[in-house]
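Let's walk through this model together, starting with how some of its helices pack and then moving on to the empty space inside.

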Amino acid sequence: MLYLLLAQAFRDIEATTKRIAMTDSLATLLRETPPQDIAKVVYLIQGRLHPNFMGIEIGMAEKLVVRAVANATGLSIDDVQNYLNESGDIGSTAQIELDKAFHGIEQPGLAARVEHGEALQPRGQAFTVADVYETLNEIATMSGPGSTERKIVALSVLLRRATPLEAKYIARTVTGKLRLGIADMTVLDALALVYGGGPASRPIIELTYNITSDLGLVAEALERGGVDALRAFTVQVGMPIRPMLAERLGTPADILARMGGECIAEYKYDGERVQVHKNGDTVLLFSRRLENITSQYPDIAEIIRSTITADTAILEGEIVAVDPETGENRPFQELMRRRRKRNIAGMAQELPASIFFFDSLFVDGRDLTGMPFLERRRELERIIMPSDRSRIVESTVVHSIDELEVFFEAAIEKGTEGIVCKAIGPESTYRAGSRGYLWIKYKREYRSEMTDTVDLVVVGAFYGRGKRAGVYGSLLMAVYLPETDTFRTVTRLGAGFTDKDLAELPRMLEPHKISHKNPRVDAKEHSDVWFVPEAVLEVIGAEITISPLHTAGLNIFRPGSGLAIRFPRFTGKYRFDKAPEDATTEQEVIEMYQSRIKKIAS
């Protein structure tokens with residue numbers, strides 16, 4: 001398959017503002033993809049070469065790609081950098097500069113090029129998806145002395161062969177800034193249409209993805225054997241399971257009503273959720289975004305080797321920073337200092353961590369995800385040897401509002417964020433990749449009238465004025481709708497940012513900037529700048545009210561109106577550990593509003 005066909009599909013997808021049109025374009029692309037390229041195409045659609053958990057990233061900085069573009073075109077590095085400064089997009093920069101080279105503008109020393117329709121190749125020879133994929137994979141795996149220069153040379157050679165359009169998406173791919181805004185769920189929809197016989201196959205396709213976390217693998221199996229081929233997939237150590245997520249409710253009464261009058265309540269620590277995979281002495285740690293973060297926590301990996309008695313296991317836990325002098329737990333923001341590439345061992349000494357286990361999904365060859373929670377909990381207790389820095393989360397079974405409140409207050413006293421309440425009936429299986437009321441978070445904040453913080457997704461921005469001229473004055477924030485895999489706006493956020501935040505936000509959000517509203521975003525407001533839903537920020541507000549300007553909860557409480565968070569303020573927490581799909585849901589905001597109305601009425 002020619003890479004040009006993939007680049008053309010990316011161009012069309014990037015131009016669309018409707019999610020259905022995006023899905024249709026993806027389906028058309030997949031139909032045209034030959035079997036040998038299907039996994040490669042799916043990974044490239046995701047903007048990567050392999051699933052996240054393999055930890056293989058191209059990771060070339062923009063300044064290196066600028067050098068490669070200069071080499072490929074014969075232009076000076078300064079000329080390329082100047083255009084990048086103007087455009088803010090390395091892909092458009094590569095496209096424009098290759099186009100200049102094609103037309104013979106400022107191209108000293110550049111070999112003659114041949115025009116063939118839309119394609120532009122030396123000697124008229126187009127290259128394939130496999131050509132591009134293999135070259136990018138070689139670049140990603142280069143290491144050792146001189147590897148940086150070798151990467152620049154390899155990318156330069158690739159760009160010399162590329163058309164301007166191909167160069168645009170190659171440059172974006174190598175820097176991890178594809179900007180298409182294609183969610184994994186949208187790819188699953190397209191796979192169901194092309195290989196699954198229609199939407200009815202969607203649940204089993206998603207289930208297979210949830211237990212493998214490998215979209216290319218799922219696509220290959222579907223193309224080869226249809227839906228029947230997916231039934232052979234099982235949970236495996238080394239392939240992270242997409243995490244089960246919790247909803248939230250505002251009162252113990254609502255929680256117990258949802259759970260039939262009883263549940264198990266656990267402390268909710270302010271740390272980083274991890275999935276632990278153990279196979280003998282080999283330990284892997286995966287973040288909630290399915291990234292392999294084992295190298296960031298060598299001390300935790302060593303603790304796990306001596307703590308888990310099972311030979312093979314997949315467990316879930318929370319890594320929490322520990323004050324080395326007092327032994328007390330420290331906030332999440334301090335733990336994030338551990339996420340680094342250099343001086344990892346030194347930071348482990350300076351800021352040690354503990355791990356608190358809360359679920360078991362696989363033990364010694366047995367898949368536990370279909371078991372009720374209490375059975376999984378008993379298996380966890382059987383294989384964990386507690387220590388000062390490794391133990392099972394504090395928990396208790398509650399049957400009344402008073403019992404839940406007492407346990408909650410004890411959790412707050414211990415410095416936790418609150419509690420998580422979990423169903424304990426026969427239905428309490430582990431629902432990989434799903435969010436529901438089998439797990440419910442209960443937190444309380446004392447900084448405002450709003451009872452809890454929310455994690456919102458940046459979907460747009462408004463230019464600042466006065467003192468904020470030159471930076472973003474406010475951000476358009478949204479909640480997530482799992483049912484439709486879309487985002488609805490709920491507030492404009494402008495308070496709580498430090499001067500440093502305001503200076504950094506444009507740079508931080510630049511990789512996600514697009515020219516129009518993303519097809520997954522439902523918004524009434526017309527933002528000055530639009531973003532692919534990616535960045536997640538923690539926000540607190542005064543209250544939730546009905547608003548004609550926002551789309552969260554649209555038409556539920558008043559025709560033509562949605563819900564809005566009034567007087568929102570950034571708490572200072574950038575939730576880099578959360579994917580946009582992990583953000584606060586529309587239903588959670590609806591529940592929070594309903595809870596407030598109930599309190600007013602009573």
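Take α2 and α10 first: in this predicted model, helix α2 (residues 19-32) packs on helix α10 (residues 184-195) at an angle of about 55 degrees. That value is neither under 35 nor over 145 degrees, and it also falls outside 65 to 115, so the two helices count as oblique to each other. Their axes are 8 Å apart, and the crossing of α2 past α10 is right-handed. If you want to find the contact on screen, look on the α2 side for Arg 19, Met 22, Thr 23, Leu 26, Ala 27, Leu 30 and Arg 31. Over on α10, they meet a set of residues including Met 185, Val 187, Ala 190, Leu 191, Val 194 and Tyr 195. Sorted by class, this contact has eleven nonpolar, two polar and three charged residues.

Now shift to α9, which turns up in two packings here. What angle does helix α8 make with helix α9? For α8 (residues 147-161) and α9 (residues 164-175) it is about 155 degrees, with the axes 9 Å apart. Because angles over 145 degrees count as roughly antiparallel, that is the label for α8 against α9. As they pass, the crossing is right-handed. From α8 come Leu 155, Leu 158, Leu 159 and Arg 161, while α9 brings Glu 166, Ala 167, Ile 170 and Val 174. The contact of α8 with α9 comes out as six nonpolar, two charged and no polar residues.

The other partner of α9 is helix α1 (residues 3-15), whose axis comes within 9 Å of the α9 axis and crosses at roughly 80 degrees. The two are therefore roughly perpendicular. On α1, the residues that make the contact are Tyr 3, Leu 4, Ala 7, Gln 8, Phe 10, Arg 11 and Glu 14. On α9, they are Leu 165, Glu 166, Lys 168, Tyr 169, Ile 170 and Arg 172. Glu 166 and Ile 170 of α9 touch α1, and they also appear in the contact with α8. By class, the contact of α1 with α9 splits into seven nonpolar, one polar and five charged residues.

From helices, on to the empty space. How many cavities of 30 Å³ or more does the structure hold? There are three, and the largest has a volume of about 460 Å³. It is lined by 30 residues, and those closest to its centre are Lys 268, Arg 288, Glu 318, Val 420 and Lys 441. Strands β3 (245-248), β4 (263-268), β5 (272-279), β12 (418-422) and β13 (435-443) each give two or more residues to that lining. The largest share, four residues, comes from β13. As for what faces this cavity, its lining is made up of 19 charged, ten nonpolar and one polar residue.

Terms used
Residues are numbered from 1 along each chain as its sequence is written. This is a predicted model: local features need pLDDT of at least 70, side-chain atom pairs count only at pLDDT 80 or more; totals for chains, interfaces and linings use all residues. Side-chain values use heavy atoms; hydrogens and water are left out. On a 1 Å grid over the protein atoms alone, a cavity is a set of points where a 1.4 Å probe fits but cannot get out, and a pocket is an open set with protein on both sides within 12 Å along at least five of seven lines; lining residues have an atom within 4 Å of a point. Grid points are joined across faces, edges and corners, and a volume is the space filled by probe spheres set on the points. Ala, Val, Leu, Ile, Met, Phe, Trp, Tyr, Cys and Pro count as nonpolar, Asp, Glu, Lys and Arg as charged, and the others, Gly among them, as polar. Axes are lines fitted to C-alpha atoms, for helices over the stretch in contact, and angles run from 0 to 180 degrees between N-to-C directions. A crossing is left-handed if the near helix is turned anticlockwise from the far one by less than a right angle, and right-handed if clockwise. Contact means heavy atoms within 4.5 Å.
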